[in-house]
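Subject: Structure handover and findings

Dear colleague,

I am passing on the structure we spoke about, and I would be glad if you could look through it alongside the notes below. Please read them with the sequence and the coordinates open.

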Amino acid sequence: MMEKKAVVGETDMLQAMQQDALRLAGKALDQYDVTESTEIARFIKKEFDQLYGQGWQCIVGRDFGCFVTHQCGCFIYFTIGTLSILLFRGAVASEEEIGRRIVMEPVQP
């Protein structure tokens, strides 16, 4: 496992879910080099989809900004060494909401 300790910056997850996120990040870093941020993100996202259902998003990198909408109780931002990890579950639209979406047609000049 990665020797560096994870430092949680922001979260609204329950403690057990946070521990899963940190554990899976450590496991990902055991399997992939820190330069393989896409593979690390894919691994964490797929594992969270299996554990907690579909809709998880994961961003991994050294320098990024973000502003996201997430489901309550489904957000964590933490660092391990120089690597930052953002994991969140996006808002899921119901079928009723999908049916109410407006389809925009291009305007002909």
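A disulfide is counted here when a pair of cysteine sulfur atoms lies within 2.5 Å. Please keep in mind that this is a predicted model; in it, the number of disulfides by that criterion is zero. Cys 74 illustrates the point, since the nearest cysteine sulfur belongs to Cys 72 and is 7.7 Å away, and because a disulfide requires the two sulfur atoms to be within 2.5 Å, Cys 74 is in no disulfide. Cys 74 is also buried, with a relative accessible area of 8%, and Cys 58 likewise falls in the buried class, at 16%.

Salt bridges

How many salt bridges does the structure contain? The count comes to three, and as background, side chains of opposite charge can pair when their charged atoms come close.

One of them lies in helix α1, which covers residues 15-31 and holds both Arg 23 and Asp 20, three residues apart, or about one turn of the helix. The closest N and O atoms of this pair are 3.4 Å apart. The two partners fall into separate accessibility classes, for Arg 23 is partly exposed at 40%, whereas Asp 20 is buried at 16%.

Helix α2, which runs over residues 37-52, contains Arg 42 and Glu 39, again with a spacing of three residues and about one helical turn. Their side chains meet in a salt bridge with an N to O distance of 2.5 Å. Here Arg 42 is partly exposed, with a relative accessible area of 39%, and Glu 39 is also partly exposed, at 28%.

The side chains of Asp 49 and Lys 45 form a further salt bridge, with 2.5 Å from N to O. Because these two residues are four places apart in helix α2, about one helical turn separates them. Asp 49 is buried, at 10% relative accessibility, while Lys 45 is partly exposed, at 25%.

Two buried residues and their surroundings

Ala 25 also belongs to helix α1, and its relative accessibility is 0%, so it counts as buried. What does Ala 25 touch once its neighbours within four places in sequence are set aside? The contacts are Ile 44, Phe 78, Ile 80 and Ile 85. For Ile 80 in particular, the separation from Ala 25 is 55 residues in sequence, while the C-alpha to C-alpha distance between them is 8.6 Å.

Ser 84 sits in strand β4, which spans residues 83-89. Is Ser 84 buried or exposed? Its relative accessible area is 8%, and because the buried class takes in values under 20%, Ser 84 counts as buried. The side chain of Ser 84 makes a polar contact of 3.2 Å with the side chain of Tyr 77. With neighbours within four places in sequence again left out, Tyr 77 appears among the contacts of Ser 84, together with Ile 59, Val 60, Gly 61, Phe 64, Phe 78 and Thr 79. Phe 78 is thus a residue to look at from both sides, since it is listed among the contacts of Ser 84 and also among those of Ala 25.

With best regards

Terms used. Residues numbered from 1 in each chain as written. Predicted model: local features only at pLDDT ≥ 70, side-chain atom pairs only at ≥ 80, totals over all residues. Heavy atoms only, no water. Buried < 20%, exposed > 50% of the residue type's maximum accessible area, 1.4 Å probe, protein only. Polar contact = N/O pair within 3.5 Å; in protein donor to acceptor, adjacent residues only side chain to side chain. Contact = heavy atoms within 4.5 Å. Salt bridge = Lys/Arg side-chain N within 4 Å of Asp/Glu carboxyl O.
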